[in-house]
Amino acid sequence: MNMKTPFLGTAYYPEDWDESQVPYDISMMKKAGITCARIGEFAWRAMEPRPGVYDFGWLHRVVDALHEAGIGVVMGTPTATPPVWFWRAHPEAAMLGANGVRNIHGGRRHFCSNNPDYVRASRVIVEKLGQEFGSDPAVIGWQIDNEIYHNGDASCVCADCVRRFHDRLRREYGSVEEVNRRWDLNLFSQAYEDIDEIPAPVNAWHNPHIQYEWQCAHEEADVEFITMQADILRKYTTAPIGTDMMPLLGLDYEAMNQKLDVVQFNHYDPEGNLDHPVFWFDMLRTVKDRPFWNTETAPQWPGSTAAAWAMPGEGFCRVNSWLPVALGGEANMYWLWRQHWAGHELLHGHVLSPEGRPAHVFGEIQQTAADFDKASRFLSGTRPQPEIAMHFTSKSWKLFQQQPVFNGHSYEGDVRHVNTVLHRLGTDPDVIGARHSLDGYKVVISPELFSLEDGGLSARIRAFVENGGTWVAGPLTDVRNGIGAHYTDRAMGMIEDMTGVRLDYSICNDNRHLKAAFADGTPAGLWTWVECYTLPEGAEALVTVTEGHSALVGKAIAARIPVGKGQVILCGMMADEPVMRKLLAPVLDAAGVRRYDTTGALTVVPRAGEAGEGLVLVEIAGKAASIGLDAPMTDILTGDVVSGRLDVEPYEVRVLKK
């Protein structure tokens, strides 16, 4: 089935409804402008009501009806929800909690990806599903499982998980003596005599390095579980395969999607927080060399048996639906189509109510569908054109989870803050992982990149700078090795050797005792963590300590250091938006980065390709904004020709073509 992109989709659960409701649901999807339905992801029992007994007739009828209506299908594998008959036969396959209590049947994602019985049963149902629908012309893509991730806790601690953990330690360290040495297990007499003695990190004040390796072992299991399913499906289908992931980097997006075809992403963000998905979409488009799919977002609000927040303002649903497409995706899908009539998520946002009545945002959804259709040729024939990259890595995420450095620290929050500042400066940066190429960027920014020992990253950064690039590094960058331990012969791993700088002091700050200013005397109010440097000859101090402890006064907090043909901007600070703008704007301008003159919370996405050049503008705060245009442009959505200073209304979307 050839799908016109971008497409507007929704999650549909026909197994929850009498089959007589399907024609009505499909007729309303057509009325709404829905062109894609995600189905099947939780329907294992409906597909296999008893062990080895399969019923796909109902699913074929739904798929056929959707296809006849011109609605594509993203088919989900149901491995997140094994039936009770599987749990009854294999209760030991359920996750074992850190408290020693094993999960029982109910909910979802409650079985262990390392358990051989669960893996075996998953293989069988995926094989059957692939055989049934792999060549079905209605199926435009596949979603494997649902929201598989472990967010830094011990998760399952069963014997299968511990065995896998030990296998990782043997592979990464070789011997128990090396584990003891690198983890400094002489401390507290923690040293082990055999790798098999090393426990799951529960019920003790555990070394952060054991917690890091434990999480990595779980990550490997989840990647293997998803990749196993993709390998099965590829025997039967050529449609793109992905797995829907949440806004968490505890599970490495680069590793998980390496052998998948399309990045899939679920997010639920309220009014006032749309800078969050902007940040994630800036990242998602860099993971694979094809547009990503936003597989879930709420038309109004998320919820379970209670709504998570109040009604957003008019226009929010439309602008939230547009963001992934503006920033490089090719799909936005709502969760869910028809609100559940019973069960866990009675108050979740929806397109239709349980009685089949359109939600109050139905008109916004129809407008979004019409807009997607109008802009289809331009959007499908262009891609965002970033000149800046900013690092956000899974290794740093995991290391900061185990050692957050100071109370209240949020790695994602701080990096996202820098991303928001860059957008307010009229740019649209790529957010990249450790393995991503640096070719083609004028500026690379690495805030809180805790360790550079990550897939050859330090060598790539060094080459980028020496060949003429500008690297903005810090704070909390390059201050830990690959497992999160301090260096003992220097404070920073590569930076001190590369630049000749010396990191003298790392200060936890609350602005009572430490004051700083730019070279022109402008005060620089600083956030919680501050790094103070001694600079080499030829470096230029940009921000220095003006008041505080006598050992700190006069120390550089931010500096420009020439290296080879390029430069390093060492930034030992995080600060509010005006301070960060003052620091970063001259850096971008000196590097020749194109910036647009904007006011308000306007997301500006330059795009170019075989369909021409232009801008997509999305106002994300529900307040008036504006942009200065340097040439006349045509708004594809309205047909208007605009030029000069353009006012953008609250939650307005503009698609401008030169």
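## Exposed and partly exposed residues

A residue counts as exposed when its relative accessible area is over 50%, and as partly exposed when the value falls between 20% and that mark. Keep that scale in mind as we look at this predicted model. Trp-205 has a relative accessible area of 74%, so this residue is exposed. Glu-197, with 46% relative accessibility, is partly exposed.

Where do you find Trp-205 in the chain? Look in the loop between helix H7 (176–182) and helix H8 (208–233). Glu-197 also belongs to the loop between H7 and H8. If you would like a sense of distance, try Glu-197 and Val-642: their C-alpha atoms are 70 Å apart in space, and 445 residues separate them in sequence.

## A nonpolar patch on the surface

Which residues join Trp-205 in a nonpolar surface patch? Its partners are Leu-187 and Phe-188, and the patch made by these three covers about 430 Å².

## The largest pocket

Now for the open spaces. The largest pocket has a volume of about 780 Å³. Its lining is made of 23 residues, and those closest to the centre are Asp-16, Phe-42, Thr-81, Gly-107 and His-344.

Helix H2 (residues 44–47) gives the largest share of this lining, with three residues. Sorted by class, the lining of the largest pocket holds 11 nonpolar, seven polar and five charged residues.

## The second largest pocket

The second largest pocket comes in at about 510 Å³. Among its 20 lining residues, Trp-183, Asp-184, Asn-207, His-209 and Ala-485 are the closest to the centre. Helices H7 and H8 come up again here, as the elements that give two or more residues to the lining of this second largest pocket.

What is the mix of residue classes in the lining of the second largest pocket? You will find seven nonpolar, nine polar and four charged residues there.

## Enclosed cavities

Rolling a probe the size of a water molecule over the atoms reveals where empty space remains. How many cavities of 30 Å³ or more does the model contain? The count is five.

The largest cavity has a volume of about 40 Å³. To locate this cavity in your viewer, select the residues that line it: Val-418, Ile-445, Pro-447, Val-472, Gly-474, Cys-571, Met-574, Met-580 and Leu-584. Eight residues of this lining are nonpolar, one is polar and none is charged. The polar one is Gly-474, because Gly is counted among the polar residues in this scheme.

Methods:
Residues are numbered from 1 along each chain as its sequence is written. This is a predicted model: local features need pLDDT of at least 70, side-chain atom pairs count only at pLDDT 80 or more; totals for chains, interfaces and linings use all residues. Side-chain values use heavy atoms; hydrogens and water are left out. Patches are made of residues with over 30% relative accessible area and no salt bridge: like charges are joined within 9 Å, nonpolar side chains (Val, Leu, Ile, Met, Phe, Trp, Tyr) within 5 Å. Accessible areas come from the Shrake-Rupley method with a 1.4 Å probe; for residues, only the protein chains shown count as cover. A salt bridge is a side-chain nitrogen of Lys or Arg within 4 Å of a carboxyl oxygen of Asp or Glu. Helices (H or I, at least four residues) and strands (E, at least two) are DSSP runs, numbered from the N terminus. Buried means under 20% relative accessible area, exposed over 50%, partly exposed in between (1.4 Å probe, protein chains only). On a 1 Å grid over the protein atoms alone, a cavity is a set of points where a 1.4 Å probe fits but cannot get out, and a pocket is an open set with protein on both sides within 12 Å along at least five of seven lines; lining residues have an atom within 4 Å of a point. Grid points are joined across faces, edges and corners, and a volume is the space filled by probe spheres set on the points.
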